[in-house]
Amino acid sequence: MEYTGLMVFLCPIWMVFLVGVVIGWSWKPKWAPFGNGKDKLGCSVSKGFDFSLPSSPSQSLMSPLKGFSSAPCLNSFELASQGCEALFMDRGFERTTSASPSEFDEGSTSQLNEEKSNVVTEEDLDLLCTLVDMKDGGPTWIQMMDLSTPTMNYQGWRRDPKIGPPQFRSRTVYEDSTPEIVRDFFWDDEFRLRWDDMLRHSTTIEECPTTGTMVVQWIRKFPLFCKDREYIIGRRIWESGRLYYCVTKGVPYASIPRHDKTRRVDLYYSSWCIQAVESRRANGQLTACEVLLFHHEDMGIPWNIAKLGIQKAIWETVKKIEAGLRAYQTERALGLPLSRSAFMAQINTKIHPEYLKASGDTEDSSQTEVVTASGQAVRRHIPKLLIFGGTIILACTLSRGLLMKTLVFGIARRFAKVGKKL
């Protein structure tokens, strides 16, 4: 009888949901909240889901991770090259590059001055090191998948902090690839537009030819009637031998105004550790490349929905990334000129192994656990996520006001409690 009564209540809701989907795809009403800047749920949904953490690395570590890449634009200044270089030499870092910055002089791109070049600092490097060494003291990592192709192996983990969006960790090993090619590939925004169909637009706002620090703007497509997402990203690379620490995170940039047509993702963190490893052919040669990725962001949608979407789409995304990497390798082998962003990827701050060792030996760091997720735990959340998914689309397509949206989400939460028991 209990389930019969449940179906009586659910059937009308799902009927309305289906009607909402049909209407949403076929007709856009004038009152639909697609282009206004008001705090309507429309598909910007909640402010708490912005993937850009505070600019302070320590704050990012305490409340989940850091912002994956929401760096705001900096004011235009001319670079005092000698002063900027002296600043980082005094801290025990060295700049390394394989080309001259004059080869890529562009009047349209502002250069970061000495003060503004600290968008990404050694504190961000320290945070990435603790994540790589599994000593950040965060929640347990739960393994989601372990899949491979003849030329690539992928392992993915997830964890849910008490505060903030879900965090993701992955280890990908590409056969027959070098750390330098992989480093340039992930930094090359011009080439990314050719393989990443979610990236609509990319612009370099400012850069420092001494440290390689960059501030870039991304506009990414977003499905399901929602606004495109805007990212203001600060990024920088450190090098120790052939080990590369690549930090990208969201940064504040007040000089670039927010627009009604896009939703800015403020909480964003996406960083890699790249190094050469032995091939799985077990021939003793370091002909493969390992990429450890740490990512989280708040896109402005419920975290359970985002988590489900990422888990379902991640493998196809990983395969698409590898296809892009192989195409990039082919073009580089032909000796084609480097793009500006790929050139900037080769300006790295050199660090010594002793620095990395000292960073990983902090007294207050604790080893982070890793476990394998059970299939039962995943199945248990599917009914709840289905209910929330239908609610999001329903709210985005049919609801005019905040009151109706509140009502719809209230009903969804009530039935989600029942979904846990299914």
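**Exercise 1. Place Thr121 in the predicted model and state whether it is buried or exposed.**

Step 1. Find the element. Thr121 sits in the loop between strand 2 (110-111) and helix 4 (122-132). Helices (H or I, at least four residues) and strands (E, at least two) are DSSP runs, numbered from the N terminus.

Step 2. Check the accessible area. Thr121 has a relative accessible area of 15%, so it is buried. Buried means under 20% relative accessible area, exposed over 50%, and partly exposed in between (1.4 Å probe, protein chains only).

Step 3. List the neighbours. Leaving out residues up to four places away in sequence, Thr121 touches Arg236 and Trp238. Contact means heavy atoms within 4.5 Å.

Two ground rules apply. Residues are numbered from 1 along each chain as its sequence is written, and side-chain values use heavy atoms, without hydrogens and water. In this predicted model, local features need pLDDT of at least 70 and side-chain atom pairs count only at pLDDT 80 or more, while totals for chains, interfaces and linings use all residues.

**Exercise 2. Work out which residues of helix 5 are buried.**

Step 1. Name them. They are Pro179, Ile181, Val182, Arg183, Asp184, Phe185, Phe186 and Trp187.

Step 2. Draw the conclusion. Eight of the nine residues of helix 5 are buried, so this helix is largely enclosed by the rest of the structure.

**Exercise 3. Describe how helix 5 and helix 7 meet.**

Step 1. Take the axes, which are lines fitted to C-alpha atoms over the stretch in contact. Those of helix 5 (residues 179-187) and helix 7 (residues 303-333) come within 10 Å. They cross at roughly 110 degrees, on a scale from 0 to 180 degrees between N-to-C directions.

Step 2. Classify the angle. The two helices are therefore roughly perpendicular to each other (65 to 115 degrees).

Step 3. Name the contact residues. Helix 5 brings Ile181, Val182, Asp184, Phe185 and Phe186. Helix 7 brings Ile321, Gly324, Leu325, Tyr328, Gln329 and Arg332.

**Exercise 4. Judge where confidence is lowest and highest.**

Step 1. Start with the whole protein chain. Its mean pLDDT is 73, and 57% of its residues reach 70 or more. pLDDT is the predictor's confidence in each residue, from 0 to 100.

Step 2. Compare elements. Confidence is lowest in helix 2 (residues 57-62), at a mean of 37, and highest in helix 5, at 98.

Step 3. Look at one weak stretch. Over residues 375-382 the pLDDT is below 50, and beyond near neighbours in sequence this stretch has two contacts in the model. Where pLDDT is low, the predicted coordinates should not be read in detail.

How values were computed:
Angles under 35 degrees count as roughly parallel, over 145 as roughly antiparallel, 65 to 115 as roughly perpendicular and the rest as oblique.
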